[in-house]
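Colleague: Thanks for sitting down with me. Could you take me through some of the strand and helix pairings and the reasoning behind each label?

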Amino acid sequence: MRDLARYFACFLAFALTAGELVTVPGAREPDGHSRRGKDGSFKSSAASSRTQTPQVQGFQERELETDYWLEQAQQTLAQKLATPHNTDHAKNVIFFIGDGMSSQTVAATRMYLGNEANFLSFENFKDLGSVRTYCVNRQVSDSSCTATAYLSGVKINYGMVNIAASVDRYACEYDRNASDFEGLLKWAQDAGKSTGIVTTTKITHATPAGAYASSANRYWENDVEVASSDCDPSRVDDIAEQLVDKEVAQRFNVVLGGGRGNLLPKETMDEEGKPGYREDGKNLIEQWKQTHETMGRSQYVWNREQLMSVDTANTDYLLGLFESGHMKYNLELKDNSEASRMEPTLEDMTRKAIELLQRNKNGYVLFVEGGLIDVAHHETWARLALDETAEMAKAIDTARKMTSEQDTLIVVSSDHSHTMTYNGYPKRGNDILGLGDISDEDLLPYTTLSYANGLSYYTTYTEENHAIRADPSNYDYKQTDMRYMAMVPMDAETHGGDDVGVWASGPMSHLFRGVYEQNTIPYLISYIAQIGDYYEESDSGAGQPLAVCLSLLLGCSIAALMRR
């Protein structure tokens, strides 16, 4: 019997190789939406309807058969048995962070793309782990303390970037030599690799700042913000200054995102007629150009047409800043041809970054953030959050197709979760962005997606009596800026304290399995890529570096002592 089971597993593995997979029918197209107006609101289409999407059968007929599920489980088993470990070290690393991409967000995005049984691109990766996201002094984290954890390998205090937890937030003066630290991208540079950062938020925002800056307050993105905390901007470098002046940031070969305003003085208009935010008179974009003219072939771009025309074979350093603040949501670009012509998608930026970085024979480390998932969740704009998650999945798919699993490690994770829940008992095929069911208490319908807190509290309950829910069947679910139900009033929805997933594909991806602290991630990456503590400057490449052996031995010794 045991032999028969083995033969069956081998047969299924062969069938998988031949491409005989059970497939899910084509996805439904997401609804169309309109771009956000200048006042920050979104203008809905005249064709929008308040009615629910007609109920459809959301599953295959075969799912009614027991054999379907037995065969599906056996296929998954056979696939896992047929997949060997890649024990090589990685030449290249691409690290994606979906800011605020909770497990609930991932699950809901599958349905947004058409069916619960769908897979986002990174869910097809062979290995999956889970990390704890708390800060040293907070149960629920923010994006700056988590960025420090997964990029520099140290957990610190809430609201700070790359500064030890022994230092208080907003500290103007402290021992920087003892308390500041650098991480993954600096380790890569020291090993001779090219580096780059890509984001859909401001390039000085908390997550990308974790790749290069040290700041006692994540919001010190320009000199005005430093001064507002009663610190002297001439003695405390803001995050934008560090992007241009700090050695690790100067050595970035690619920097793409939003946030021109933090790099320009107030009296200077950017390319789209928006003034800068700085009061010290510094034009940091011009300063970047002057610095990199002496370092190699450099180029600054501010729109999609310019970015797509960059000759990556003849460019050493590329700076692209496409908005004064955060970049536009993908659904804004889809609904406006001029906007889509002027502003690149996350997939566009990721592709261009890889094209430039892959020229280095020593390899590269690229850090990419899908940052607008988080921005949308804070507004309880569930549709936008799901669409941004889908867009990041596209960028990850492109990155995996452009690279080889044999030498390129791709890691996908999140910094923290949010309070959005995927709840109730909706039927298969139900619109994930619509009504889920009817309450058996107040006899009003409720949405499948809702938040624990946020501004939408004021539309969840009636103005006359906040103990009585408003009827959500009056919601216009086609609106891009439809706020979803919330229980507690807040000016912005908060993060959640859940663990978040880590998906890995490529060399030694199996090391990412299990449940561990978030600050472990950069050490796993550095070991696999042989950078940081695991880098040995040698041309032979034969055998394991002594530093690796010593580090592993030390780690085992510490673990043994802690068990006693």
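Colleague: What makes S2 and strand S17 count as a pair, and in which sense do they run, parallel or antiparallel?

Modeller: Keep in mind that this is a predicted model. Two strands pair if there are at least two bridges between them; S2 and S17 (residues 514-517) have 4 bridges, in the parallel sense. Within that pairing, Gly129 has Gly514 of S17 as its bridge partner.

Colleague: And which sense applies to S2 and strand S16?

Modeller: S2 (residues 127-132) pairs with S16 (residues 500-505) in the antiparallel sense, over 5 bridges. Ser130 faces Gly501 of S16 there.

Colleague: Now the helices. Why are H15 and H17 called roughly parallel?

Modeller: The axes of H15 (residues 346-357) and H17 (residues 382-402) cross at roughly 25° and come within 8 Å. Angles under 35 degrees count as roughly parallel, so H15 and H17 earn that label. Their crossing is right-handed. Leu346, Arg351 and Ile354 are among the H15 residues in the contact, and Met392, Lys394 and Met402 are among those from H17. The contact residues comprise 6 nonpolar, 2 polar and 4 charged.

Colleague: What makes H4 roughly parallel to H19?

Modeller: H4 (residues 143-152) and H19 (residues 521-529) pack at about 25°, with axes 5 Å apart. The cut-off is again under 35 degrees, which means H4 is roughly parallel to H19. Ala149, Tyr150, Leu151 and Ser152 of H4 meet Ile521, Pro522 and Tyr523 of H19. By class, the residues of this contact are 6 nonpolar, 1 polar and no charged.

Terms used: Residues are numbered from 1 along each chain as its sequence is written. This is a predicted model: local features need pLDDT of at least 70, side-chain atom pairs count only at pLDDT 80 or more; totals for chains, interfaces and linings use all residues. Side-chain values use heavy atoms; hydrogens and water are left out. Helices (H or I, at least four residues) and strands (E, at least two) are DSSP runs, numbered from the N terminus. Axes are lines fitted to C-alpha atoms, for helices over the stretch in contact, and angles run from 0 to 180 degrees between N-to-C directions. Angles under 35 degrees count as roughly parallel, over 145 as roughly antiparallel, 65 to 115 as roughly perpendicular and the rest as oblique. A crossing is left-handed if the near helix is turned anticlockwise from the far one by less than a right angle, and right-handed if clockwise. Contact means heavy atoms within 4.5 Å. Ala, Val, Leu, Ile, Met, Phe, Trp, Tyr, Cys and Pro count as nonpolar, Asp, Glu, Lys and Arg as charged, and the others, Gly among them, as polar.
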